[in-house]
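Trainee: I have a model open and I'd like to learn how to read it feature by feature. Can you walk me through it?

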Amino acid sequence: MWRRVASLSPLVSSSKSRLLNQVQVAYGFNAWQMFSTQVLNPAEGGVSDSRRTPFVTFVLGGPGSGKGTQCTRIVETFGFTHLSAGDLLRREISSNSENGSMILSTIKEGKIVPSVVTVQLIQKAIETSDSNRFLIDGFPRTEENRIAYERVIGAEPDIVLFFDCPEEEMVKRVLNRNQGRIDDNIDTVKERLKVFAELNLPVIKHYSKKGKLYKIDGTGSEDEIFERVRPVFAALRYPVLL
Ligand SMILES: Nc1ncnc2c1ncn2[C@@H]1O[C@H](COP(=O)(O)OP(=O)(O)OP(=O)(O)O)[C@@H](O)[C@H]1O
Ligand SMILES: O=c1ccn([C@@H]2O[C@H](COP(=O)(O)O)[C@@H](O)[C@H]2O)c(=O)[nH]1
Ligand SMILES: [Mg+2]
């Protein structure tokens with residue numbers, strides 16, 4: 001965990017790194033909590049207040065429910081950074097990484113890639129970004145994903161969006177998507193719907209119980225759906241980048 005903290009900010013000098021390492025070991029602070037302490041003093045070259053704990057939104061919904069489409073709109077209007085877990089995994093396939101072939105076959109089958117792989121990709125994307133507000137699209141897919149993320153990142157998401165869409169509509173959208181995705185075929189979509197119902201709905205229920213869930217009607221035009229999303233973000237208070 002410490003090595004990841006060190007990679008969070010190149011501004012942290014090696015002596016500070018050692019100090020932070022000792023704090024981490026002594027008190028078991030997680031990466032983001034560290035930024036909320038006075039250990040990193042902006043006046044001394046540490047990170048500024050604006051880079052404290054990032055504001056994280058999980059964006060969930062079945063295949064073709066419109067997660068990616070609405071994330072693009074949220075980015076345009078509210079300046080979030082969009083991290084699609086599926087895109088991060090597809091990038092691993094294209095870059096011929098060591099996990100590439102395992103990820104490819106998992107996606108082809110509509111199954112879920114092991115948490116250790118996905119959480120690491122998300123963590124790296126957060127840590128190497130200058131942003132402090134993220135939309136994490138299509139993750140966590142399972143309770144195991146959720147627990148792994150919360151343990152590694154050391155924080156829960158601030159809010160969770162759930163695009164609720166009838167299966168029939170989702171299938172129609174996926175089969176019309178035409179972006180050359182290997183999982184956009186009827187057999188894989190059926191499996192993805194099954195996996196969504198069995199493994200992803202429990203995650204959605206979990207955040208609903210915690211009062212973090214915003215359930216959005218995912219039917220209608222893209223504009224109509226965005227008008228349901230807009231008030232969620234318009235009412236939020238989140239850190240503003242300097
Ligand atoms: N409201 C809408 N009405 C009709 N088509 C839509 C709507 N929103 C998105 N689409 C289209 O449906 C397809 C799926 O949308 P999108 O990629 O945003 O879904 P997704 O939830 O990210 O799916 P996946 O989980 O498979 O990545 C795309 O081709 C998109 O252009
Ligand atoms: O956290 C994740 C996210 C995605 N996957 C796999 O990728 C495909 C496609 O994901 P999209 O979000 O629809 O782009 C998904 O069906 C899974 O096979 C994953 O394993 N874990
Ligand atoms: Mg998507």
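Trainee: Where is Val113 found?

Mentor: Before we start, keep in mind that this is a predicted model. To place a residue, look for the elements on either side of it. Val113 sits in the loop that links H6 and H7.

Trainee: Is Val113 buried or exposed?

Mentor: Count the C-beta atoms around its own. Val113 has 21 C-beta neighbours inside 10 Å, and 20 or more is the mark for burial, so Val113 counts as buried. Leaving aside residues up to four places away in sequence, Val113 touches Leu89, Ile103, Thr106 and Thr118.

Trainee: What about Lys111, is it buried or partly exposed?

Mentor: Lys111 is also in the loop between H6 and H7, the latter being helix 115-127. Here the count is 14 other C-beta atoms within 10 Å, which falls between the limits of 12 and 20, so Lys111 is partly exposed. Its contacts, again without residues up to four places away in sequence, are Thr106 and Val195.

Trainee: Which residues are closest to ligand 2?

Mentor: For a ligand, start with the shell of residues and then ask which elements supply them. Ligand 2 is surrounded by 17 residues, and the closest are Ala85, Gly86, Val113, Gly138 and Phe139. So our loop residue Val113 turns up in that list. Helix H5 (85-94) and helix H6 (100-109) each supply at least two residues of this shell, and H5 gives the most, with three. By class, the shell has seven nonpolar, six polar and four charged residues.

Trainee: Which residues does the UniProt annotation "binding site" cover?

Mentor: Treat a record as a separate source to set beside the coordinates. The UniProt annotation, from an unreviewed entry, covers Arg90, Lys111, Ile112, Val113, Gly138, Phe139, Pro140, Arg141, Arg181 and Arg192. Among the closest residues to ligand 2, you'll recognise Val113, Gly138 and Phe139.

Trainee: And how many residues surround ligand 1?

Mentor: There are 16, with Gly66, Lys67, Gly68, Thr69 and Arg173 the closest. Helix H4 (67-78), helix H9 (167-175) and helix H11 (222-234) are the elements that give two or more residues to this shell. H4 gives the most, with three residues. Sorted by class, the shell around ligand 1 holds three nonpolar, nine polar and four charged residues.

Trainee: Now the sheet. In what order do the five strands come?

Mentor: The general idea is that strands of a sheet pair through backbone hydrogen bonds, in a parallel or antiparallel way. In this model the order is E2-E3-E1-E4-E5, the sheet is open and the pairing is parallel. At the edges are strand E2 (81-84) and strand E5 (213-217), each pairing on one side only. From one strand to the next, the twist averages 20°.

Trainee: How many bridges join E1 to E3?

Mentor: Five, between E1 (residues 55-61) and E3 (residues 133-137). To follow the register, pick a pair: Thr57 stands opposite Leu135 in E3. On its E4 side, E1 pairs with residues 159-164 over five bridges, and Val59 has Leu161 as its bridge partner. Leu161 in turn has Tyr214 in E5 as a bridge partner, and E4 and E5 are joined by five bridges.

Trainee: Which strands does H5 touch when it packs on the sheet?

Mentor: For a helix on a sheet, note the strands in contact and the angle. H5 touches E2 and E3, and its direction makes about 60° with that of E2. This is the helix that gives the most to the shell around ligand 2.

Terms used:
Residues numbered from 1 in each chain as written. Chains lettered and ligands numbered in written order. Predicted model: local features only at pLDDT ≥ 70, side-chain atom pairs only at ≥ 80, totals over all residues. Near = placed C-beta within 6 Å. Helix = DSSP H or I, 4+ residues; strand = E, 2+ residues; numbered from the N terminus. Nonpolar A, V, L, I, M, F, W, Y, C, P; charged D, E, K, R; others polar. UniProt positions renumbered as here; feature names shortened; annotations may be inferred. Contact = placed C-beta atoms within 7 Å. Pairing = 2+ DSSP bridges. Axes fitted to C-alpha atoms, helices over the stretch in contact; angles between N-to-C directions.
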